[in-house]
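Please look through the sequence and the structure shown here before reading on. The explanation below goes from the overall form to single elements and then to single residues.

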Amino acid sequence: MSTPKNYLVISALGKDQPGIVKALSRKILDEGCNITDSRMTVLGGEFAILLLIEGPWNTLAKLESAVPELQEDLALTIICKRTEGKVRSNNLLPYMVEVVSMDHPGIVNQLAEFFSERDINIEDMVTTSYSAAHTGTPMFSVHMSVGIPSDIHIAALREEFMDYCDGLNLDAVIEPIKG
């Protein structure tokens with residue numbers, strides 16, 4: 001019988017500065033824990049990080065008790081929450097969605113609405129604003145991973161999604177995640 005794994009999600013936000021990842025990862029390692037998943041980025045002048053930490057319950061507790069000192073030392077706002085491991089559902093098909101368009105308000109909301117109305121979960125999303133080459137036109141791109149229930153007819157969903165995006169003047173692709 002295997003020992004249940006213990007997980008802690010850490011979210012941290014603060015002014016971007018060199019060494020934040022080093023300091024956080026060192027503390028996690030020193031407390032006997034392991035980073036199993038992470039997302040990090042700089043948004044404006046702020047550094048944001050999400051970490052999924054695994055470890056024995058007592059080492060996670062030690063890490064949680066070290067948070068106030070870490071917040072002060074690194075000038076971060078840190079939130080911790082215990083969680084369970086991700087439950088893989090055999091009835092969800094992993095798909096990738098890419099959307100590019102001229103930048104305008106509401107794109108993320110419109111995409112979220114499309115998938116939410118069909119009980120399709122957005123599992124990961126990255127958005128970026130940039131200027132188009134040569135013209136400088138403000139552009140917006142979305143890359144997301146979704147879990148599509150296996151009872152949804154994929155060809156019909158793809159056609160519906162493409163029609164939806166065409167109506168909003170969004171250039172889109174939806175295809176299975178390979179590998």
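What follows describes the chain as a whole, then a sheet with its helices, then one further helix and two chosen residues.

The model is a predicted one, and it holds five helices and eight strands, which follow one another along the sequence in the pattern β-α-β-β-α-α-β-β-α-β-β-α-β. Its C-alpha atoms fill a box of roughly 50 × 50 × 25 Å along the principal axes, and the radius of gyration is 20 Å, where a compact globule of 179 residues would have a value near 16 Å. Of these 179 residues, 30% count as buried. When contacts between residues at least 6 apart in sequence are considered, 70% of them join residues at least 24 apart.

We can begin with the sheet. Four strands form an open sheet in the order β2-β3-β1-β4, and their pairing is antiparallel. Because β2 (34–43) and β4 (76–83) stand at the edges and each has a single partner strand, one side of each is left without a neighbour in the sheet. From one strand to the next, the twist averages 10°. Strands of a sheet pair through backbone hydrogen bonds, in either a parallel or an antiparallel manner. Here, β2 and β3 (residues 46–54) are joined in the antiparallel sense over nine bridges, and Val 42 has Phe 47 of β3 as its bridge partner.

Two helices pack on this sheet. Helix α1 (residues 20–30) touches β1 (7–15), β2, β3 and β4, and its direction makes about 20° with that of β3. Helix α2 (residues 57–65) touches β1, β3 and β4, with a direction that makes about 20° with that of β1.

Further along the chain, helix α5 (residues 154–167) has 14 residues and reaches 20 Å from its first C-alpha to its last, which is close to the 20 Å expected at 1.5 Å a residue. Which residues of α5 are buried? They are Ile 154, Leu 157, Phe 161 and Cys 165, and, seen down the axis of α5, the buried residues fall within an arc of 65°, so they line one face of the helix. That set of residues packs against β5 (92–102), α4 (107–116), β7 (138–149) and β8 (171–176), whereas on the other side of α5 the residues Glu 159, Asp 166 and Gly 167 are exposed. Just after the helix, Asn 169 takes a positive phi of about 60°.

Arg 158 also belongs to helix α5, and since its relative accessibility is 31%, Arg 158 counts as partly exposed, given that this class lies between the 20% limit for buried and the 50% limit for exposed residues. Apart from its neighbours within four places in sequence, Arg 158 is in contact with Tyr 95, Ile 174, Glu 175 and Pro 176. Its C-alpha atom is separated by 23 Å from that of Asp 103, the two residues being 55 residues apart along the chain.

The last residue to consider is Ser 141, which has its place in strand β7. Is Ser 141 buried or exposed? Ser 141 is buried, because its relative accessible area is 19% and the class covers values under 20%. With neighbours within four places in sequence left aside, Ser 141 is in contact with Val 99, Val 100, Val 126, Thr 127, Thr 128 and Tyr 130.

Terms used:
Residues are numbered from 1 along each chain as its sequence is written. This is a predicted model: local features need pLDDT of at least 70, side-chain atom pairs count only at pLDDT 80 or more; totals for chains, interfaces and linings use all residues. Side-chain values use heavy atoms; hydrogens and water are left out. Two strands pair if DSSP finds at least two bridges between them. Axes are lines fitted to C-alpha atoms, for helices over the stretch in contact, and angles run from 0 to 180 degrees between N-to-C directions. Contact means heavy atoms within 4.5 Å. The expected span of a helix is 1.5 Å times one less than its number of residues. Buried means under 20% relative accessible area, exposed over 50%, partly exposed in between (1.4 Å probe, protein chains only). The arc is that of the directions from the helix axis to the C-beta atoms. The radius of gyration is taken over C-alpha atoms; the globule rule is 2.2 Å times the number of residues to the power 0.38.
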